[in-house]
Amino acid sequence: MKRVSLVAAFAAAAVFSVSSAGAQTLKTVKDRGMLSCGVSQGLPGFSAPDDKGNWAGLDVDVCRAIAAAVFDDPSKVKFVPLSAKDRFTALQSGEIDVLSRNTTWTLSRDTSLGVNFAGVSYYDGQGFMAKKSLKVNSALELNGASICVQTGTTNEQNVADYFKGNNMKYEVIAFANADEAVKAYESGRCDVFTSDVSQLYAQRLKLATPADHAVLPEVISKEPLGPLVRHGDDQWFDIVKWTLFALVNAEELGVTQKNVDEMAKSDKPELKRVFGTDGNLGEQLGLTKDWVARIVKATGNYGESFERNVGSGSKLEIARGLNKLWNKGGIMYAPPIR
């Protein structure tokens, strides 16, 4: 019995040792004085720089929210633009601390790349964009079509599954990055361009005459997009995960960028926990008690970020759809802060 107890004690000590050794990202980020965040090479609404090099977008706001939680300064972020092919290597190698780059959560990625998805920041699905002159109203009319697609994404497999499932023939023309694929599509090298629906709306803005192109109604896949971190550092995983959850919970609780200071004075038990006036939940993450207030002051809540970047307040004007809160007809949902 004593031997079993000793074995259990050694096992527990080993787990604690490995966990402690792995929990270095927060310290690395603080010592560096800057968060390194991997983003796309330029996808309007999600992560794109303006002509002065200032980054903006829904994925960018996740990066800024993490910086606000850690430093109380959303500007302490170095944005690293990455291709679909290079994004995972950059995270695995330690070049970036978090990847926030319209990346789909799948089982194979979750188990084979040494990464953890911290949650879903945007529920998406793959679709098709075609020139209106092609006079196609449905993806089911694309039998024999040539399709431009970006390599290193889930899009190629989804296209294969969809066309096979509907007994249709097709030709794939693959490109290393989205801009090359879109240029080829615009020049007529293929009939349609396929990607996540959100990306179709974003890429359409780059075309010479966006009104000449239509996003077809079919959505052929589930594409839950969200930020990723490396395996082996549970504390950092928790910080990124709960930063995302804080954005969603803030919207549900009615906490906005404008009213955050007033709401922080509330006597409601749930708000007192969120703002750190009751308990030490922020400190349990390795942050400060006012971590949620820092986040919301920096970026607004999830709904504010959505509308500003991709929704009604943006050029994309994407309907909120599935990304509405769970109690507003959507499926966006975050565990409670308690």
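**Figure 1. K135, an exposed loop residue.** K135 is exposed, with a relative accessible area of 70% (exposed means over 50% relative accessible area, buried under 20%, and partly exposed in between, with a 1.4 Å probe and protein chains only). The model is predicted: local features need pLDDT of at least 70, side-chain atom pairs count only at pLDDT 80 or more, and totals for chains, interfaces and linings use all residues. Residues are numbered from 1 along each chain as its sequence is written, and side-chain values use heavy atoms, with hydrogens and water left out. K135 sits in the loop between β8 (126–131) and β9 (145–150). Helices (H or I, at least four residues) and strands (E, at least two) are DSSP runs, numbered from the N terminus. The phi angle of K135 is near 55 degrees, a positive value in a residue other than glycine.

**Figure 2. N167, a loop residue with positive phi.** The loop between α6 and β10 (170–175) holds N167. Phi is about 50 degrees here, although N167 is not a glycine. N167 is exposed, at a relative accessible area of 71%.

**Figure 3. N155 in helix α6.** Helix α6 spans residues 155–165 and includes N155. N155 is buried, with a relative accessible area of 5%. Not counting residues up to four places away in sequence, N155 touches Q126, V149, T194, S195 and D196. Contact means heavy atoms within 4.5 Å.

**Figure 4. Helix α8, largely enclosed.** Helix α8 covers residues 197–204. Six of its eight residues are buried, so the helix is largely enclosed by the rest of the structure. The buried residues are V197, S198, Q199, L200, A202 and Q203.

**Figure 5. A130 in strand β8.** Strand β8 contains A130. A130 is buried, with a relative accessible area of 2%. Leaving aside neighbours within four places in sequence, A130 is in contact with Y185, D191, V192, D212, H213 and A214. A130 and L216 are 86 residues apart along the chain. Their C-alpha atoms are separated by 7.3 Å.

**Figure 6. F306 in helix α14.** F306 belongs to helix α14. F306 counts as buried, at 0% relative accessibility. Beyond residues up to four places away in sequence, F306 touches L58, Y122, G311, I318, A319, R320 and N323. F306 and E223 are 83 residues apart in sequence. In space they are 17 Å apart, C-alpha to C-alpha.

**Figure 7. The largest cavity and its lining.** A search of the whole structure finds one cavity of 30 Å³ or more. On a 1 Å grid over the protein atoms alone, a cavity is a set of points where a 1.4 Å probe fits but cannot get out, and lining residues have an atom within 4 Å of a point. Grid points are joined across faces, edges and corners, and a volume is the space filled by probe spheres set on the points. The volume of the largest cavity is about 30 Å³. L58, D61, V62, L247, Y302 and S305 line the largest cavity. Helices α3 (58–71) and α14 (302–309) each supply at least two residues of this lining. The largest share, three residues, comes from α3. By class, the lining has four nonpolar, one polar and one charged residues. Ala, Val, Leu, Ile, Met, Phe, Trp, Tyr, Cys and Pro count as nonpolar, Asp, Glu, Lys and Arg as charged, and the others, Gly among them, as polar.

**Figure 8. The whole chain and its confidence.** The mean pLDDT of the chain is 92, and 93% of its residues reach 70 or more. Over residues 1–22 the pLDDT is below 50, and beyond near neighbours in sequence this stretch has two contacts in the model. pLDDT is the predictor's confidence in each residue, from 0 to 100. Where pLDDT is low, the predicted coordinates should not be read in detail. The chain has 14 helices and 14 strands. Its radius of gyration is 22 Å, close to the 20 Å that the globule rule gives for 338 residues, so the chain is as compact as a globular protein of that length. The radius is taken over C-alpha atoms, and the globule rule is 2.2 Å times the number of residues to the power 0.38. Buried residues make up 50% of the 338 residues. Among contacts between residues at least 6 apart in sequence, 71% join residues at least 24 apart.

Technical notes:
On a 1 Å grid over the protein atoms alone, a cavity is a set of points where a 1.4 Å probe fits but cannot get out, and a pocket is an open set with protein on both sides within 12 Å along at least five of seven lines; lining residues have an atom within 4 Å of a point.
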